[in-house]
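User: Hi! Could you walk me through this one with me? I'll pull it up now.

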Amino acid sequence: VIAPDPKYGSVTLAKFINHIMERGKKTVAQSIVYGAFDKIAEAKKDPMKVFEDAIKTVQPQVEVRSRRVGGANYQVPMPVSANRQNVLTFRWIVEAARSKKGKPIAEKLADEIIAASKGEGEAVKKRENTHKMAEANKAFAHFKW
């Protein structure tokens, strides 16, 4: 059981902080996330609401999984469990923020969260690509296990 984060009291935010954390440095991860939330607040927006909107926007509903049937590999579309939806969402947002260059990580993370809440940004593109792959391989859905 993960305890809610100390500043906003959100378990989802605590999980996100844990996802950003590297080498067990939780206070560094918290300062990055809270710095990003401060940047969002400077843009005259409620950071927690923007974060929740970004999470809802980026969460994938379906993904493709490799399935071997009779010597051939098929990409089979599968529904995504709620826990995996959060993990993929956090991963995509953090990867998108880290891939940008030239700014401190808190600013990059704030930009990506704001973009995701608007339905833009790299994390949303990743979700769209995942959904397109699932749609394209819909014919193999009968290979589910």
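User: Which residues are buried in α6?
Analyst: Happy to help, and keep in mind that this is a predicted model. In α6, the buried ones are Ala123, Val124, Arg127, Thr130 and Ala134. They sit on the same side of α6, because the arc they cover around the axis is only 120°.

User: Nice. And which residues are exposed on the other side of α6?
Analyst: There you'll find Lys125, Lys132 and Ala136, which are exposed.

User: What covers the buried residues of α6?
Analyst: The cover includes three helices, α3 (47–58), α4 (82–99) and α5 (105–117), along with the strands β1 and β2.

User: How far apart are the end C-alpha atoms of α6?
Analyst: They are 21 Å apart. That agrees with the span of 21 Å that its 15 residues (122–136) should have at 1.5 Å a residue.

User: Switching to the strands: in which sense do β1 and β2 pair?
Analyst: Antiparallel, over eight bridges, with β1 at residues 62–69 and β2 at 72–79. As an example, Glu63 has Met78 in β2 as its bridge partner.

User: What about the hairpin, how many residues lie between the strands?
Analyst: Two, and Gly70 in this hairpin takes a positive phi near 55°.

User: Last one: where is Lys49 found?
Analyst: Lys49 belongs to helix α3. It counts as partly exposed because its relative accessibility is 47%, between the 20% and 50% cut-offs. The C-alpha atoms of Lys49 and Ser117 are separated by 9.0 Å, with the two residues 68 apart along the chain.

Terms used: Residues numbered from 1 in each chain as written. Predicted model: local features only at pLDDT ≥ 70, side-chain atom pairs only at ≥ 80, totals over all residues. Heavy atoms only, no water. Pairing = 2+ DSSP bridges. Helix = DSSP H or I, 4+ residues; strand = E, 2+ residues; numbered from the N terminus. Expected span 1.5 Å × (residues − 1). Buried < 20%, exposed > 50% of the residue type's maximum accessible area, 1.4 Å probe, protein only. Arc of directions from axis to C-beta. Contact = heavy atoms within 4.5 Å.
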